[in-house]
Amino acid sequence: MTHLTFEPRFATANNAEDSQSPLCDQQFLYYSRHLLLPDWPEQHQLQLRQKKVLIVGMGGLGCPAATYVAGAGVGCLLLADGDNVELSNLPRQTLFRQQDLGQNKAQAAAAALQQLNPFIRIEAIPTMLDEAQLSRHIAAVDLIIDCSDNMPTKLIINRLCQQQQRSWLGASASGYQGYSWLINPAAGGCLCCLGHQQPLPPGGCLQQGIYAPLVGLLGLQLASMALQQFSTNAPRYSFVQIYQHQWQQFNRCQLLADPDCVICGATTNV
Amino acid sequence: MSEMIPIFVNGEPHQIAASTDLQQLKQKIAPGQQVAIAINTEIMPRRLWAGRTLQPQDQVLMFNLVAGG
């Protein structure tokens, strides 16, 4: 096993010097298993270092998503969550330990992830973002990953991303039900095309429980989808992946634009 | 008696009358519920439900996006 001693100067992603410099030896070693992939040259790694990703929600979805996005070397992560770590979070919110109980999730996650990858920049936003803050952050990042646990936040992100014509990823889970999605406004279709813009019946982890491995699966999907968005073969259409527990599988379905959709119906290109 | 055709709804086999459309299927399977419907590999906009006649072996998914994470 190789043990590395990291120097603080590596934790400076996205500054001008870093954007021009090649990978150092330690970074080559850190990212070596990806760099061995046939379609993952150093140039791709350098491009990832220039990317900025906003993850909204650092719970069961956000922890695994952020872990693999950070590990892959996305250069700057913004982690937003206003909640604190609770005992009932530990079975599935894998970045947290007992000593994190009571700590803000975004800050605790940022600290854990910085230990995981000292070569990237991680910023914690320890509050629930309001609409104006979300809008500003969405405009400033390359990709948005919605890992929030409530429908109002998802619908706000959906609307803001539609307004700003920004692709975004998201997921939700409750009980044994789980969904992940890619919404690409340029291709048409949005979350409201599913017809759920009306208030939903009470749901979520507090009411219905949550099958812990499911949020792990969804979070890893989001991480992989995010990395694919930064490659050349990313899907350009909007889709939803629907988990079917009895078969332990996901069905990917293209999200067709609803011409009557109040959010995207007037602006879609398809 | 009208002809029956086999379809799958959320993975389970169903026999429905030929010429049944998605709107009618939704009323039969999930009356009064707010659902989205995917057929084969496409999520159908609500306004198209009434015009989409089901075919033998169609795979239908009815789901309700949950909130949680």
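This report describes how chain B meets chain A in a predicted model, and then turns to chain A itself.

In the contact between the two chains, 23 residues of chain B touch 39 residues of chain A. Interface size is often expressed as the accessible area that is lost when the parts come together; for chain B and chain A this buried area is about 2,500 Å², with 61% of it on carbon and sulfur atoms.

Across this interface the rule finds 9 residue pairs in polar contact, both residues being at pLDDT 80 or more. On the side of chain B that touches chain A, at least two residues each are supplied by the three strands tabulated here.

| Strand of chain B | Residues |
|---|---|
| S3 | 36-39 |
| S4 | 42-43 |
| S5 | 59-63 |

By residue class, that side of chain B is made up of 11 nonpolar, 8 polar and 4 charged residues. The rule also finds 1 salt bridge across the interface, and it joins B:Arg47 to A:Asp260, with 2.5 Å between the closest N and O atoms.

Strand pairing also links the two chains, since strand S8 of chain A, residues 249-255, pairs with S4(B) in the parallel sense over 2 bridges. Within this arrangement A:Gln254 stands opposite B:Glu42 of S4(B).

As for chain A, its secondary structure comprises 10 helices and 8 strands, and 51% of its 270 residues count as buried. Among the contacts in chain A with a separation of 6 or more, 66% are accounted for by residues 24 or more positions apart.

Terms used
Residues numbered from 1 in each chain as written. Chains lettered and ligands numbered in written order. Predicted model: local features only at pLDDT ≥ 70, side-chain atom pairs only at ≥ 80, totals over all residues. Heavy atoms only, no water. Contact = heavy atoms within 4.5 Å. Buried area = accessible area lost by both parts, 1.4 Å probe. Salt bridge = Lys/Arg side-chain N within 4 Å of Asp/Glu carboxyl O. Polar contact = N/O pair within 3.5 Å; in protein donor to acceptor, adjacent residues only side chain to side chain. Helix = DSSP H or I, 4+ residues; strand = E, 2+ residues; numbered from the N terminus. Nonpolar A, V, L, I, M, F, W, Y, C, P; charged D, E, K, R; others polar. Pairing = 2+ DSSP bridges. Buried < 20%, exposed > 50% of the residue type's maximum accessible area, 1.4 Å probe, protein only.
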